[in-house]
Amino acid sequence: MPEIVDDHKNLFLIEEGVTYLNCANMSPMLKSVREAGMKALDTRAAPWKLASTDWFTNAENLRSLAATIFQTTDDNIALIPSASYGLAVAAKNFKLQKGKEIIVLDQQFPSNYYVWQNLAVQQELKIITVVKKKDLTLTESILEKINTNTGIITVPNCHWIDGTWVDLQKISDAARQAGSYLVLDITQSLGVLPIDIESINPDFAICAGYKWMLGPYGLGYMYVAKRWQQTGEPLEYSWATRKDSDNFADLTNYTDHYRAGARKFDMGEFPQINLAPMAVAALEQIVKWDVAYLQTEIKKLTAPIIEYKKLKDPTFDQAENAGHIVSIPLSNINVEKLKATLLEKKVFISFRGKSIRVSPHVYNNLDDIDRLLSCF
């Protein structure tokens, strides 16, 4: 049995009697995030109290906190509304030769597939879907597909359905050797699985902010490598991304220059007067905890699930899984009866494909895991 998990449930807005094991879908809200949101609404209600600096202060605080979690500098972070937005920015900047290949994972999240499907049609490229081989890890299965004809590799740090881990450093090394672009969707890992983004050195890395980053819906983050910050093109051309845009009196002195670093890729209305204070509160809490601490604590919660899974699937290799997402196969299970039992016991998980996805956080404890397993 793992050590006792630190219980931080009192920091979250979770109803008594609810067992929520679905952070990979959407995190419950921290009390501090809700409080920041209510204050932000009061601020928005009185625009005459907003100074010109207020339009940018929270956004820069948020950028700095996100950079800490990415393990990079503020200048490399752009604020985006969604993962699909960030992926569209990346796709806009890639010009490949006809016949080049785009590597994606089997059952990859749709937002990280449709954008490449569209690019493949536009530039006459070929989609290569990686299916994990039985005798290989998922990382090894990806590496096997990378060659001199690879144009783009677009993968996560762990699979959104079952948490299968991908060694991004090995993928990055192979991408550089092949001369291909590397785009990461780390929505299901950033904020809960440590990452050294500078070492991995992707072209772009994106993350939605409402899952493991514990923030509001509609505000996310994008790492942009320095090699794209001067020559890359943003998806839109907002006044607020231009140099000296904080000088409201001179906005019609149009300029070709952008604010420093990745800020040129910020979404329109990136100051997000309502949402940015909420996101700041969320990331402040993650930084206070430390991402490595969160991964360690959540592994204690998923350990009993992994032991149960091993009973059902003796071939399962725990080393190939991220610690915060685990799947339970649905073979030989009466799914409708299970759904009714989960509903009765107020246990919330996700049904994904032919398995159940379980994704706890530190608002859970081992009693929650026992309650889930009792449903089987």
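Here are some notes on a predicted model, going through a three-stranded sheet, the helices around it and a few single residues.

1. Let's start with the sheet. It is open, has 3 strands in the order β9-β12-β11, and its pairing is antiparallel. β9 (326-329) and β11 sit at the edges, as each of them pairs on one side only. Ignoring direction, neighbouring strands here are turned by 35° against each other on average.

2. Now for the pairings themselves. β9 and β12 run antiparallel and share 4 bridges, and across this pair Ile-328 has Ile-356 of β12 as its bridge partner. β11 and β12 are antiparallel too, over 3 bridges. Ile-356 in β12 turns up again here, this time as the bridge partner of Phe-351. If you are clicking through the model, Ile-356 is a handy place to pick up both pairings, with Ile-328 as one partner and Phe-351 as the other.

3. The turn joining β11 and β12 is worth a look. These two strands form a hairpin with 2 residues between them, and Gly-353 takes a positive phi near 60° there.

4. Is β12 covered on one face or on both? Both: Ser-355 and Arg-357 are buried on one side, and Ile-356 and Val-358 are buried on the other. One of the elements packing on the sheet is helix α10 (residues 291-312), which touches β9 and β12. The direction of α10 makes about 30° with that of β9.

5. Next comes helix α11 (residues 335-344), where Leu-338, Thr-341 and Leu-342 are buried. Looking down the axis of α11, you find its buried residues within an arc of 100°, so they line one face of the helix. That buried set packs against β10 (347-348), β11 (350-352), β12 (355-358) and α12 (366-374). Glu-336, Lys-337, Leu-343 and Glu-344 are on the other side of α11, and they are exposed. Note that Leu-343 is on the exposed list, whereas Leu-342 is on the buried one.

6. Both ends of α11 have something to check. At its start, a side-chain oxygen of Asn-334 comes to within 3.3 Å of the backbone nitrogen of Glu-336. Just past the other end, Lys-346 has a positive phi of about 60°.

7. How are α5 and α6 arranged? Two packed helices are described by the angle between their axes and the distance between the axes. For helix α5 (residues 138-145) and helix α6 (residues 168-178), the angle is about 5° and the axes are 10 Å apart. α5 and α6 are therefore roughly parallel to each other, since angles under 35 degrees count as such. On the α5 side the meeting residues are Thr-139, Ile-142 and Leu-143, and their counterparts in α6 are Lys-170, Ile-171 and Ala-174.

8. While you are in α6, have a look at Gln-177, which belongs to this helix. Gln-177 counts as exposed because its relative accessible area is 75%, and the cut-off is over 50%. From Gln-177 to Val-155, 22 residues apart along the chain, the C-alpha separation is 17 Å.

9. Leu-119, in helix α4 (residues 111-123), is a buried residue. Its relative accessible area is 3%, and anything under 20% is called buried. Leaving aside residues up to four places away in sequence, Leu-119 touches Ala-91, Phe-94, Ile-102, Glu-124, Leu-125 and Ile-152. Met-38 is 81 residues from Leu-119 along the chain, and their C-alpha atoms are 41 Å apart.

10. Last one: Thr-72, which is in the loop between α2 (54-70) and β2 (77-80). Is this loop residue buried or exposed? Thr-72 counts as buried, because its relative accessibility is 14%. Its side chain makes polar contacts with two other side chains, that of Asn-76 at 2.8 Å and that of Glu-198 at 2.4 Å. Leaving out residues up to four places away in sequence, Thr-72 touches Ala-67, Ile-77, Ile-197, Glu-198 and Tyr-223. Glu-198 is therefore worth displaying with Thr-72, given the polar contact between their side chains.

Methods
Residues are numbered from 1 along each chain as its sequence is written. This is a predicted model: local features need pLDDT of at least 70, side-chain atom pairs count only at pLDDT 80 or more; totals for chains, interfaces and linings use all residues. Side-chain values use heavy atoms; hydrogens and water are left out. Buried means under 20% relative accessible area, exposed over 50%, partly exposed in between (1.4 Å probe, protein chains only). A polar contact is a pair of N or O atoms within 3.5 Å; within protein, one must be able to donate a hydrogen and the other to accept it, and residues adjacent in sequence count only if both atoms are side-chain atoms. Contact means heavy atoms within 4.5 Å. The arc is that of the directions from the helix axis to the C-beta atoms. Two strands pair if DSSP finds at least two bridges between them. Axes are lines fitted to C-alpha atoms, for helices over the stretch in contact, and angles run from 0 to 180 degrees between N-to-C directions. Angles under 35 degrees count as roughly parallel, over 145 as roughly antiparallel, 65 to 115 as roughly perpendicular and the rest as oblique.
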